[in-house]
Amino acid sequence: MSNSTTTLPDQKRVGMVSLGCPKALVDSERILTRLRADGYAMSPDYSGADVVLVNTCGFLDSAKEESLAAIGEAISENGRVIVTGCMGEEADAIRAAHPQVLAVTGAHQYEQVVEAVHEHAPPSQGPFVDLIPQPDIKLTPRHYSYLKISEGCNHSCSFCIIPQLRGKLASRRIDAVLREAEKLVAAGTKELLVISQDTSAYGVDTRHEERDWKGSPVRAHMTDLARELGNLRTSEGSAPWVRLHYVYPYPHVDKVIPLMAEGLLTPYLDIPFQHAAPSVLKRMRRPANEAKVLERLKGWREICPDIAVRSSFVVGFPGETEDDFKYLIDWLEEAQLDRVGAFRFEPVDGAAANDLSDPVPEEIKEKRYAKLMEVTERISAAKLEAKIGKTIPVIIDEVGEPDEDGDIGATGRSQADAPEIDGAVYLRNVSGILRSGDIVSAAIEDADAHDLFGVTV
């Protein structure tokens, strides 16, 4: 009787290029997790991949150009490319630029992407080769994770085509969201970043349906979600940071501020104000309640003095007058926001704002953009300077190598800093046992317009 062994064929390998916002990154993680369950391995580079996925962004024309360039690079480096994501809605434009692409699918169309990979690089091993369950694939560092609570948006802002790309609001079940969050924290996540197109509207589409969680009913509602996330604990027994993004300032947002004061939520709100002048907000088709927002900001700071508010603004929107822009600058001086991003208005194919009269000339847009950045940078510098001499918690993102004197530096973030978009805290002379994800107390010694500098205590 002869002995024979069966050798499994090598796994097919998939490469991924993920562009755009954190919501697209979560889509990429889900696609790769599903493909691994189907027997695929991941390739860190073009050369080792049997097929490359490009997850595109299609929000602005500049983002579309970047997406087309990334597709072109993947084709020249590998040749076998499948396109997905927001720009996938414009399959004709993609195929016109790059006729070699194997398949094009739209945003969060997980099944179609997986089917396209199966068709063009059939799995060689099949699923369930590993009997030990594998954790979900993460494209962020181990210590922070994006938690997507819904898809799509019910707003019809004149400058935006997100509802056309991603559809109307579709909230996930609250027990599913909490289960995912619990799993992430158990696997080492120290910071949860709650994302969606409109976090404040979570559960509106499902009439805030109740589900059972740990023996108690919880509603699909931002306040219930925030409270439950604040009750999670890491394996060391500490509360993870929970950071809320894309929070429209609906009245019920006031109810999450006490949770920040209690330490259940990270004292940070990312609110997309976009502008302050009532006439511009009206043309943008956004609620024009900027005066009330100033009152509420004051009230939030009274309840939770440590709260950091970040926002983004559009300058040069069609019809924006000098008076409108002055109104915005005066509003920003009064609002004293902690973190501000700005964009020059850019037409987007399919957006209603393209048909508005009185476009702002490019040179005026540039002037206004520079002025806004100068004002917000001054506000940021003053706020950061006020932190000198204080001791604050810092989450470590990266620990450096010892220098010639044996000193080790580390880069981290305060509770006022979201990864990739806000500032950093640079620490000198840290312990050699410090690791990414550790949360330490740091004495702040210096500051500039964006970052803090200090030492662990």
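Visitor: Which hand does the crossing of H1 and H4 have?

Guide: In this predicted model, the crossing of H1 and H4 is right-handed. That word is used because the near helix is turned clockwise from the far one.

Visitor: Why are H1 and H4 called oblique to each other?

Guide: Start with the angle: helix H1 (residues 22-37) and helix H4 (residues 110-120) cross at roughly 45°, and their axes come within 10 Å. To count as roughly parallel, an angle must be under 35 degrees, and roughly perpendicular begins at 65. The H1 and H4 angle fits neither, so the pair is oblique.

Visitor: What makes the contact between H1 and H4?

Guide: From H1 come Asp27, Arg30, Ile31, Arg34 and Leu35, and they meet Tyr110, Glu111, Val113, Val114 and Val117 of H4. Sorted by class, that gives six nonpolar and four charged residues, with no polar ones. Tyr110 goes with the nonpolar residues because Tyr is put in that class here.

Visitor: Moving along, why are H6 and H7 described as roughly parallel?

Guide: Helix H6 (residues 174-186) and helix H7 (residues 222-230) pack at about 25°, their axes 11 Å apart. The cut-off is under 35 degrees, so H6 and H7 are roughly parallel to each other. Their crossing is right-handed. Ile174, Val177, Leu178 and Ala181 of H6 touch Leu225, Glu228 and Leu229 of H7. Six residues of this contact are nonpolar, one is charged and none is polar.

Visitor: How do you know that H11 and H12 are roughly parallel, too?

Guide: Helix H11 (residues 322-335) and helix H12 (residues 362-385) make an angle of about 10°, and their axes lie 10 Å apart. That angle is also under 35 degrees, so roughly parallel is the right label for H11 and H12. On the H11 side, the contact has Glu322, Phe325, Leu328, Ile329, Leu332 and Glu333. Across from them, H12 offers residues including Ile364, Arg368, Lys371 and Leu372. The H11 and H12 contact holds eight nonpolar residues, five charged and one polar.

Visitor: How many cavities of 30 Å³ or more are there?

Guide: The count comes to one. The largest cavity has a volume of about 50 Å³. It passes the cut-off of 30 Å³.

Visitor: What lines the largest cavity?

Guide: You'll find Asp338, Arg339, Ser380, Lys383, Leu384, Lys387 and Ala416 there. H12 gives the most to this lining, with three residues.

Visitor: And how do the residues of that lining divide into nonpolar, polar and charged?

Guide: Four are charged, two are nonpolar and one is polar. Asp338, Arg339, Lys383 and Lys387 make up the charged group, because Asp, Lys and Arg count as charged.

How values were computed: Residues numbered from 1 in each chain as written. Predicted model: local features only at pLDDT ≥ 70, side-chain atom pairs only at ≥ 80, totals over all residues. Heavy atoms only, no water. Axes fitted to C-alpha atoms, helices over the stretch in contact; angles between N-to-C directions. Helix = DSSP H or I, 4+ residues; strand = E, 2+ residues; numbered from the N terminus. Parallel < 35°, antiparallel > 145°, perpendicular 65-115°, else oblique. Contact = heavy atoms within 4.5 Å. 1 Å grid on protein atoms, 1.4 Å probe; cavity = no way out; pocket = protein on both sides within 12 Å on 5 of 7 lines; lining within 4 Å. Points joined across faces, edges and corners; volume = space filled by probe spheres on them.
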